[in-house]
Amino acid sequence: MKESTIRKAVGTDLSAINDIYNFYVLNSTCTYQTEPLSLVERSRWFGDHLDPYFIRAGEVEGRVVGWASVSRFHPRAAYAKTVEISIYVHHEWQHKGLGKALLADLIQCARVAGFHTLIAAISADQIPSVKLHEKFGFSHGGKINEVGNKFDRWLDVIYMQLML
């Protein structure tokens with residue numbers, strides 16, 4: 001893979017972030033979102049990731065080709081040190097090491113931010129994502145059957161967690 005840079009995402013990244021995500025909305029079960037997000041909706045999402053939450057952008061040759069986020073897991077106060085993570089890589093840049101780089105960076109940034117537990121909710125049919133998280137020490141926290149319906153089929157979710 002060409003050299004990548006991972007940095008804090010900024011407002012000018014939102015169009016690229018949204019394009020990457022919306023591809024998967026329309027073509028994959030890696031998100032259970034069924035309708036593409038508008039830039040207005042993406043901007044609101046961006047606003048939900050102010051400190052202590054964050055978004056990281058993966059760039060290759062100045063182009064955002066992947067992103068990762070740490071989001072609130074649950075609104076109740078006792079969950080404050082537990083966060084949900086997401087990672088998306090442009091479909092043309094998959095299997096080139098960027099997902100690994102983004103996850104490693106996300107884990108490090110989450111440690112620095114003082115979080116205790118990372119949660120990943122992964123569609124059970126997304127085996128490469130499950131394997132990637134396992135490589136980074138995530139353990140299986142449970143599976144919930146038939147909780148999503150996309151492309152006219154029921155989908156299971158695997159919850160994985162990493163204690164920092």
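In this predicted model, the side chains of glutamate 59 and arginine 7 are joined by a polar contact of 2.9 Å. Glutamate 59 belongs to strand β2, which spans residues 54–60, and because its relative accessible area is 17%, under the 20% limit, this residue counts as buried. Once neighbours within four places in sequence are set aside, the residues in contact with glutamate 59 are Glu3, Ser4, Thr5, Arg7 and Val64.

Strand β2 also leads into the interior, since it is one of the elements that supply at least two residues each to the largest nonpolar core. That core holds 27 residues, of which Val70, Ile85, Phe115, Leu118, Phe138 and Met160 touch the most other members. Besides β2, the elements supplying at least two residues each are β3 (63–72), β4 (82–89), α3 (98–112), β5 (117–123), α4 (127–135) and β7, and the greatest contribution, six residues, comes from α3. Isoleucine 85 shows how such contacts are spread along the chain: leaving out residues up to four places away in sequence, it touches Ser69, Val70, Leu103, Leu106, Leu118, Ile119, Ala120, His133 and Phe138. A second core, separate from this one, has 13 residues, among them Ile20, Val25, Val64 and Tyr88; Val64 is also among the contacts of glutamate 59.

In soluble globular proteins, nonpolar side chains tend to be buried together. At the surface, however, Ile144, Val147 and Tyr159 make a nonpolar patch of about 240 Å². Tyrosine 159 lies in strand β7, residues 153–163, and is classed as partly exposed because its relative accessible area of 32% falls between the 20% and 50% limits.

How values were computed:
Residues numbered from 1 in each chain as written. Predicted model: local features only at pLDDT ≥ 70, side-chain atom pairs only at ≥ 80, totals over all residues. Heavy atoms only, no water. Helix = DSSP H or I, 4+ residues; strand = E, 2+ residues; numbered from the N terminus. Buried < 20%, exposed > 50% of the residue type's maximum accessible area, 1.4 Å probe, protein only. Polar contact = N/O pair within 3.5 Å; in protein donor to acceptor, adjacent residues only side chain to side chain. Contact = heavy atoms within 4.5 Å. Patch = residues over 30% accessible without salt bridge, like charges linked within 9 Å, V, L, I, M, F, W, Y side chains within 5 Å. Areas by Shrake-Rupley, 256 points an atom, 1.4 Å probe, with all protein chains shown as cover. Salt bridge = Lys/Arg side-chain N within 4 Å of Asp/Glu carboxyl O. Core = buried A, V, L, I, M, F, W, Y, C linked by side-chain atoms within 4.5 Å.
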